Amino acid sequence: QVQLVESGGGLVQPGGSLRLSCTASGNIDYIDYMAWHRQAPGKQRELVASISDRGSTRYTEDVKGRFTISADNAKRTVYLQMNNVKTEDTAVYYCNVEGFTARGTPLDHWGQGTRVTVSS
């Protein structure tokens, strides 16, 4: 089995900062893609940022220049540094990991989500 443990969510004021973490463990052989998605109330889940095993990153337009995704491959952990947050960043943030399990089967696993609320 694979487990993803997310942390770092909470209440933050507009203009503030927050860092989310997600650590993968369990039956994993290799991770080649890690990402953060979010789902705001009444909206569909959307991709926020992703990072490949080679360090290639992508961001949705809304967060470019404010959010930074990074990863520690040895720790199987992905981070999302959120700076200058806005009220529209309020959402549940989900970690997603893709790769291969120790059995060689494809891995595509999601975390339970961590809530981020931006409010004064």
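Me: I've got it that a polar contact is a pair of N or O atoms within 3.5 Å, where one must be able to donate a hydrogen and the other to accept it. So which side chain has a polar atom 2.6 Å from the backbone nitrogen of Cys95?

Reply: In this predicted model, that polar atom belongs to the side chain of Glu6, and the distance to the backbone nitrogen of Cys95 is 2.6 Å. A polar atom of the Glu6 side chain also lies 2.4 Å from the backbone nitrogen of Gly113.

Me: And where does Glu6 lie?

Reply: Glu6 is part of strand β1, which covers residues 2-7. If you leave out residues up to four places away in sequence, Glu6 touches ten residues that you can find in the structure: Ser21, Cys22, Trp36, Tyr93, Tyr94, Cys95, Gly111, Gln112, Gly113 and Thr114.

Me: Glu6 has no salt bridge, right, so how far away is the nearest side chain of opposite charge?

Reply: That side chain is Arg45, and it is 8.0 Å away, so it falls outside the 4 Å that a salt bridge allows. Glu6 is therefore a buried residue without a salt bridge, although its side chain does have a polar atom 2.6 Å from the backbone nitrogen of Cys95.

Me: OK, switching to salt bridges in general, how many are there?

Reply: The count comes to four salt bridges. One of them is between Arg38 and Asp89, whose closest N and O atoms are 3.0 Å apart. Arg38 is in strand β4 (residues 28-39), whereas Asp89 is in the loop between β8 (77-82) and β9 (91-101), so this pair ties together parts that are 51 residues apart in sequence.

Me: Are Arg38 and Asp89 buried or exposed?

Reply: Arg38 has a relative accessible area of 4%, which means that it is buried. Asp89 is buried too, because its relative accessibility is 1%.

Me: Which other side chain meets Asp89 in a salt bridge?

Reply: The side chain of Arg66 does, with 2.7 Å from N to O. Arg66 sits in the loop between β6 (57-59) and β7 (67-72), and Asp89 in the loop between β8 and β9, so here the linked parts are 23 residues apart in sequence. Arg66 is buried, as is Asp89. Because salt bridges share partners, Arg38, Glu46, Arg66 and Asp89 are joined into one network.

Me: What about the salt bridge of Glu61 and Lys64, how far is it from N to O?

Reply: The side chains of Glu61 and Lys64 meet at 3.1 Å from N to O. Glu61 is exposed, with a relative accessible area of 58%, while Lys64 is at 47% and so counts as partly exposed.

Me: New topic: which residues does the disulfide join?

Reply: The search of the whole structure finds one disulfide, and it joins Cys22 to Cys95, with 2.2 Å from S to S. The torsion about their S-S bond is about -80°, so the disulfide is left-handed. It links distant parts of the chain, since Cys22 is in strand β3 (residues 18-26) and Cys95 is in strand β9, 73 residues away. Cys22 is buried at a relative accessible area of 0%, and Cys95 is buried at 0% as well.

Me: In the largest nonpolar core, which residues touch the most other members?

Reply: That core has 29 residues, and the ones touching the most other members are Trp36, Phe67, Val78, Leu80, Met82 and Tyr93. Two or more residues come from each of β1, β3, β4, β5 (46-52), β7, β8, β9 and β11 (114-118). Val78, for example, touches residues including Leu20, Met34, Trp36, Ile51, Ile69 and Cys95.

Me: Last one: which residue has a positive phi of about 50° although it is not a glycine?

Reply: That residue is Asn84, in the loop between β8 and β9, and at 43% relative accessibility it counts as partly exposed. Arg76 also has a positive phi, near 55°, and it lies in the loop between β7 and β8, where it is partly exposed with a relative accessible area of 27%. As background, most residues other than glycine have a negative phi.

Technical notes. Residues are numbered from 1 along each chain as its sequence is written. This is a predicted model: local features need pLDDT of at least 70, side-chain atom pairs count only at pLDDT 80 or more; totals for chains, interfaces and linings use all residues. Side-chain values use heavy atoms; hydrogens and water are left out. Helices (H or I, at least four residues) and strands (E, at least two) are DSSP runs, numbered from the N terminus. Buried means under 20% relative accessible area, exposed over 50%, partly exposed in between (1.4 Å probe, protein chains only). Lys and Arg count as positive and Asp and Glu as negative; His and the chain ends are not counted. Contact means heavy atoms within 4.5 Å. A disulfide is a pair of cysteine sulfur atoms within 2.5 Å. A nonpolar core is a set of buried Ala, Val, Leu, Ile, Met, Phe, Trp, Tyr and Cys residues joined through side-chain atoms within 4.5 Å.
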